[in-house]
Amino acid sequence: MNDFSMIIFAENPVYPPNRFRRRFRMRRDLFLRIQSAVEAHEPFSQQKMDAAGKLGLSSLQKITTAFQMLAYGVSTNLLDEYVRIRESTAILSMKIFVKILISIFGNEYLRSPNSDDIAILLAIGESRGFPGMLGKLLQGHSPPVHYNVNDRHYLLGYYLVDGIYPSWATFVKTIPMPQTNKASHFKKLQESCRKDVERAFGVLQARFAIVRGSARYFKRSTLHDIMLACIIMHNMIIEDERHLHVQPDIADMYDQAEDGPPTPALEHLRTREFRDFIDQYIRIQDREIRTQLQADLVEHSWNIHSNA
């Protein structure tokens, strides 16, 4: 074990757990879980001996380099004295690391929502005054959803978005210049709920500075892998630390989902491929549905507010 590993990863490391968490954006156990999986999967990350019998870089050095580049968005020359790694090896380590991370953990941490996830999202959305609020409908990854708003039946879930998005049935926008109390209340509620997504992306940017800064690599595939790897690690951190930041209302919904409470009706029938895709695409772009849905949500949210 070299001096670098002794300082950070020894049984009695110099840095306490909170310092490790701050430096690497995750707990030590999760970092070592990722390191072990990557080392077992990719020969490049494994420590080797050269022809002169000298040991090369360890997997901890290579993976730590990748972490530092992702977490701080730093250039490779800043890592030379810290990790003792040359620039070309640092860049290669990062590129290989993000690819292997996606290969190992992508199916688990980038999966589309299943029926239980969708039911929970619907329940959370309805509790906040927006029944039917969810996403990922265009590719047919989510089953159709049936819900009622203001005594009107709808078949598609939707996003809460700002004004730059097209006027589609799955995009519910705010009201720019509300003229009534109902419209003003809806604007306030819609913008409040919409900021949840913006805050989530802000957390991702704060955790991995490489997402926040200017692009350092010219290949689109490299940028794509970096973004997916950061999202995967973000989801892994959320899962690993969920017990430390439990939100009672959401936690109760997850607990109740396991017991099978009444949830919004979901269809589990397989789509008929291209024909269903076209039909659904047409429904998504229906502006009349979008206008009617927004009006019904305005009435629905105002009724909840009035009764409260």
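Here a student and a tutor talk through a predicted model of one protein chain.

Student: What makes up the secondary structure of the chain?
Tutor: The secondary structure comes to 13 helices and 4 strands. The chain has 308 residues, and 40% of them count as buried.

Student: What share of the contacts in the chain joins residues 24 or more positions apart?
Tutor: Looking at contacts with a separation of 6 or more, 65% are between residues 24 or more positions apart. As for the outside, the accessible surface is about 18,200 Å², and carbon and sulfur atoms account for 54% of that.

Student: Let's pick some helices. Why is α4 called roughly perpendicular to α6?
Tutor: Start with the angle: the axes of α4 (residues 59-72) and α6 (residues 87-109) cross at roughly 85 degrees. Angles of 65 to 115 degrees count as roughly perpendicular, so α4 is roughly perpendicular to α6. The two axes also come within 8 Å.

Student: Why give both an angle and a distance?
Tutor: Two packed helices are described by the angle between their axes and the distance between the axes.

Student: Which residues of α4 and α6 make the contact?
Tutor: On the α4 side you'll find Lys62, Ile63, Thr65, Ala66, Phe67, Met69 and Leu70. On the α6 side there are Ala90, Ile91, Ser93, Met94, Phe97 and Val98. By class, that gives 10 nonpolar, 2 polar and 1 charged residues.

Student: How do you know that α4 is mostly covered?
Tutor: Count the buried residues: 13 of the 14 in α4 are buried. Its first and last C-alpha atoms are 20 Å apart, close to the 20 Å expected at 1.5 Å a residue. Just after α4 comes Gly73, with a positive phi of about 65 degrees.

Student: How do you know that the span of α13 agrees with what it should be?
Tutor: α13 (residues 287-307) has 21 residues, and at 1.5 Å a residue they should span 30 Å. The end C-alpha atoms are 30 Å apart, so the two values agree. Buried residues in α13 include Arg290, Leu293 and Leu297.

Student: Why is Phe171 called buried?
Tutor: Buried means under 20% relative accessible area. Phe171 has 11%, so Phe171 is buried. This residue lies in strand β4 (residues 171-173).

Student: What does Phe171 touch?
Tutor: Leaving out residues up to four places away in sequence, Phe171 touches Tyr159, Val161, Tyr165, Pro166 and Arg290. As for Arg287, its C-alpha atom is 9.7 Å from that of Phe171, although the two are 116 residues apart along the chain.

Student: Why does Arg25 count as buried?
Tutor: Use that cut-off again: buried is under 20%, and Arg25 has 15% relative accessibility, so Arg25 counts as buried. You'll find Arg25 in the loop between α2 (17-24) and α3 (28-41). Its phi is near 70 degrees, a positive value in a residue other than glycine.

Student: Why does Asn150 count as partly exposed?
Tutor: Partly exposed sits between the buried limit of 20% and the exposed limit of 50%. Asn150 has 30% relative accessibility, so Asn150 counts as partly exposed. Asn150 is in the loop between β1 (147-149) and β2 (152-154). Here too phi is positive in a residue other than glycine, near 55 degrees.

Student: What makes Arg128 buried or partly exposed?
Tutor: Check the number: the relative accessible area of Arg128 is 31%, so Arg128 is partly exposed. Arg128 is in the loop between α7 (115-127) and β1.

Student: Which residues does Arg128 touch?
Tutor: Not counting residues up to four places away in sequence, Arg128 touches Leu189, Ser192, Cys193 and Asp196. The C-alpha atoms of Arg128 and Ile304 are separated by 9.9 Å, with their places 176 residues apart along the chain.

Notes
Residues are numbered from 1 along each chain as its sequence is written. This is a predicted model: local features need pLDDT of at least 70, side-chain atom pairs count only at pLDDT 80 or more; totals for chains, interfaces and linings use all residues. Side-chain values use heavy atoms; hydrogens and water are left out. Helices (H or I, at least four residues) and strands (E, at least two) are DSSP runs, numbered from the N terminus. Buried means under 20% relative accessible area, exposed over 50%, partly exposed in between (1.4 Å probe, protein chains only). Contact means heavy atoms within 4.5 Å. Accessible areas come from the Shrake-Rupley method with a 1.4 Å probe; for residues, only the protein chains shown count as cover. Axes are lines fitted to C-alpha atoms, for helices over the stretch in contact, and angles run from 0 to 180 degrees between N-to-C directions. Angles under 35 degrees count as roughly parallel, over 145 as roughly antiparallel, 65 to 115 as roughly perpendicular and the rest as oblique. Ala, Val, Leu, Ile, Met, Phe, Trp, Tyr, Cys and Pro count as nonpolar, Asp, Glu, Lys and Arg as charged, and the others, Gly among them, as polar. The expected span of a helix is 1.5 Å times one less than its number of residues.
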